[in-house]
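Here's a quick briefing to read with the model open beside you. It goes topic by topic, so feel free to jump around.

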Number of protein chains: 2
Amino acid sequence: MPNLRLVMPHELRHLKTLDEARRILWDALPERILEGRFGGRQTPMAEAVGCVLDEDVVCPADLPPFDRAIMDGYAVRAEDTFGASEGLPAYLKIAGEVRMGEDSGFALSHQQCAAIPTGGMLPEGADAVVMVEHTQPWGDDSVEILRPVAPGENVVRRGDDAREGDVILSAGHRLRAQDISALAGIGRATVVVRRPRVAVLSTGSELVPHTEDVAPGQIRDMNGPALRAAVRALGGEPVDLGLVSDDPALIANVMRRGLTEADLLLVSGGTSVGVEDVIHELIDALGKPGVLVHGLAVKPGKPVVIGLVDGVPVFGMPGHPTSCLIIFRELVAPLVQLACGDRRHPPAPAKARMTRNFASQAGREEFLPVRLEQRDGAWEATPLLGPSALISTLVRADGLVRIAAVAEGLYAGDEVEVEPFE
Amino acid sequence: MPNLRLVMPHELRHLKTLDEARRILWDALPERILEGRFGGRQTPMAEAVGCVLDEDVVCPADLPPFDRAIMDGYAVRAEDTFGASEGLPAYLKIAGEVRMGEDSGFALSHQQCAAIPTGGMLPEGADAVVMVEHTQPWGDDSVEILRPVAPGENVVRRGDDAREGDVILSAGHRLRAQDISALAGIGRATVVVRRPRVAVLSTGSELVPHTEDVAPGQIRDMNGPALRAAVRALGGEPVDLGLVSDDPALIANVMRRGLTEADLLLVSGGTSVGVEDVIHELIDALGKPGVLVHGLAVKPGKPVVIGLVDGVPVFGMPGHPTSCLIIFRELVAPLVQLACGDRRHPPAPAKARMTRNFASQAGREEFLPVRLEQRDGAWEATPLLGPSALISTLVRADGLVRIAAVAEGLYAGDEVEVEPFE
């Protein structure tokens, strides 16, 4: 009557250390991924700010596309103003008025000018603008010019901002508001940025969507929303594959969809027996080379499967919510950041003193959630204890202390480095 | 024939300094805004990561909602295992099997146990789980228990993560992935976060949407996309009011829409004559107190209108793209950050040496875009010159040097502080 799957085969395996797992994964990744040539996507301009460009942006036509006034005044041929002064003005006949957004439709002859607003297109023949402050009306159809202007004065010329064929922004550049301004100026509707799609699937017959009510024995899916949030926080685009029960055929179907739609695939196991092995078998069945690592000497986070399926990294994530997020941080986040073209350094760890002893099992690396508090100008780290099935320890924590596999714990007063969240 | 609006009245005004403008605006802001009680919005969980909570989140029901196994094994009454050992096991009869996501439907009597997977709901009467590794099958319907367990061992109890009525997250907290996990666990579909809506309207008869082709005299709207990107980069939610021509009645209509839909309203002037005054008059006409500041002693960025319309801050932004973004940074961004609950410090300025002289007009504060380069281990700042009608100076720049109004410029070799972009 007892379910035979209760015998857990991974107990018998040699567990890999995190460093070993990273090396195995990194060694197996295709060039394309190692060089960051994945995760590039045509993205609407409205969503591109903060993303890293994945193309060289070439200016398709001169910007501005015509000579423009940058002051209100009169468009002139500069030579007609040479020598003009308050005592001896130049007199120019007004040939017309430039209207915003329109070609004036006329050209300036010698001794002519045209009223022009800031931003207006210079009429043919004009090469400068005299500011309105340096003019005076003269009769109905002329103005006095009280100061000379040089050719190009108070004007931006066609192509001054960028010329046709110029590379105005290069691949690898992180887009700021001014870059969006320039991209709009040259007429871009979309831009290719590094924004990897990370598909997230939750499995477990006990799970219901987080927006639904739970019946006895049911739990709301926490890992799906949490992993998608973690992807989003790094600049990736989460793909929500929803949740499926512990049925290998169903899981395989949805995993296949994830492999075609996304750059990375995360399958968070329910916590139920044997799910880890189902994911393991499916990764091997779906493509080559399949499973790379199965099981880590890490607490929390032992039940992890790392695989590569026809070029797409796939992670079987632990079901416990705390383990799931710590494994994301250690193994998945670096890959998402690589795909996002994110070369920023991680935030520096904070030095703190332990407020109490903490015993750790030698032989596996441990991540200890701690709360940071300042006392007398120094930082103190208080361990937050609780099984990894609880999320509240991580919610109350400000960061993690990494305890090496060889260590058997920490003493109150020990100085530790706390890797901050965010 | 020349347009009479060419006489620009703001030349005659007393221009305010940036500091004066900030003080006037801040003095006029309602309590609600000063205390950051604006910009709070019900937001889908999928978009909430990185945002600051604007509510205390109360746990509506115990999490987990029932006692759960955190190991695979046998649910037992702990007392039935006391004294058990490999030499002298306890023998328990298997009353049934717990299935994931279901109530077992039976209760344990004395000397009974139930097979249970990790995450399974404990049957009534059970208070601990014996790991499968510490058991041995015994006949068809019993198991040997080889080690004792204490009550609560290998179990998380109902409410261990959070109890009904607990405040699990407080207003002001910035949401991380683990917080999203907890919110999903308690069944939240949305959460109130600080995510101010900032409406952005571009005006100018010369403008076309950035996705369209330009005819002679036309320019693509750059300020709309750039301002919306700047809002988004700070964590606000841009509201796209599109663009309208220089028609006061049309502009007023769209501004009214912005005032009802958003927490802040930005109207970027076309660069054409008199637009600034149109915005000025509209702000006064739309509500109280109306215009607070008109014109700044700042380069670039002089033509700015700051107003408050029935509690909503309204900014008439300069039309030139560089001026527009520098004024956003100086005047609008702090308000957006306040609304976002963002208490992080701005990035520290970089110390650098000027590579060449730069003349500045005394009497107005100036923001000089510079490119930063490292030479012999020190930073050098090279000024990027060009009229504010060009965006390329800001695109090529890494930051801004602020030149005080009293200064007449900088010399090559001067040490300056560069405020970095991002």
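Which residue follows α3(A), and what is the sign of its phi? It's A:G187, with a positive phi near 90°. Before going further, keep in mind that this is a predicted model, where local features need pLDDT of at least 70, side-chain atom pairs count only at pLDDT 80 or more, and totals for chains, interfaces and linings use all residues. Residues are numbered from 1 along each chain as its sequence is written, while chains are lettered from A and ligands numbered from 1 in the order in which they are written.

**Helix α3 of chain A**

- Helices here are DSSP runs of H or I with at least four residues, strands are runs of E with at least two, and both are numbered from the N terminus.
- Nine of the nine residues of α3(A) are buried, so the rest of the structure largely encloses this helix.
- "Buried" means that 20 or more other C-beta atoms lie within 10 Å of a residue's own; 12 or fewer makes it exposed, anything in between is partly exposed, and the C-beta atoms are placed from the backbone.
- The buried set takes in A:Q178, A:D179 and A:S181, among others, along with A:I180 and A:L183.

**How the two chains meet**

- On contacts (C-beta atoms, placed from the backbone, within 7 Å), 84 residues of chain A touch 85 residues of chain B.
- The elements giving two or more residues to chain A's side are β5 (90-97), α3 (177-185), β15 (219-220), α4 (223-234), α7 (321-339) and α8 (392-396).
- The top contributor is α3(A), with eight residues.
- By class, chain A's side has 45 nonpolar, 20 polar and 19 charged residues.
- For that count, Ala, Val, Leu, Ile, Met, Phe, Trp, Tyr, Cys and Pro are nonpolar, Asp, Glu, Lys and Arg are charged, and the others, Gly among them, are polar.

**Symmetry**

- A turn of 180° and a shift of 0.0 Å along the axis lay chain A on chain B with an RMSD of 0.0 Å.
- That's what a two-fold axis does; the superposition is by least squares on the C-alpha atoms of residues with pLDDT of at least 70 in both copies.
- The copies meet through the same surface, because 100% of chain A's interface residues are also interface residues in chain B.

**Domains and core**

- Chain A splits into domain 1 (4-39 + 196-339), domain 2 (42-63 + 172-193), domain 3 (68-156) and domain 4 (350-420), with bounds from an automatic or database domain assignment.
- Between the C-alpha centres of domain 3 and domain 4 of chain A there are 73 Å.
- The largest nonpolar core (buried Ala, Val, Leu, Ile, Met, Phe, Trp, Tyr and Cys residues joined through C-beta atoms within 7 Å) has 249 residues.
- A:A75, A:L266, B:A75 and B:L266 have the most contacts inside that core.
- Leaving aside neighbours within four places in sequence, A:L266 contacts A:V198, A:A199, A:V200, A:L227, A:F315, A:M317 and A:V332.

**A small sheet in chain B**

- Three strands make an open, antiparallel sheet in the order β1-β13-β2, where pairing takes at least two DSSP bridges between two strands.
- The edges are β1 (40-44) and β2 (52-53), each paired on one side only.
- Two bridges join β2(B) to β13 (190-194), and B:L53 stands opposite B:V193.
- B:A189 sits in the loop between α3 (177-185) and β13 of chain B, and it counts as partly exposed with 14 C-beta neighbours inside 10 Å.
- Not counting residues up to four places away in sequence, B:A189 touches A:T211 and B:M45.
- The C-alpha atoms of B:A189 and B:Q42 are 9.6 Å apart, although 147 residues separate them along the chain.

**Backbone oddities**

- A cis peptide bond links A:K299 to A:P300, with omega about -5°, and A:P300 is in the loop between β19 (298-299) and β20 (305-309) of chain A.
- In chain B, the bond from B:K299 to B:P300 is cis too, with omega near -10°.
- A:Q111 isn't a glycine, yet its phi is positive at about 70°; it counts as partly exposed, with 14 C-beta neighbours inside 10 Å.
- A:D376 has a positive phi near 50° and lies in the loop between β24 (365-375) and β25 (378-383) of chain A.
- With 5 C-beta neighbours inside 10 Å, A:D376 is exposed.

Technical notes. Contact = placed C-beta atoms within 7 Å.
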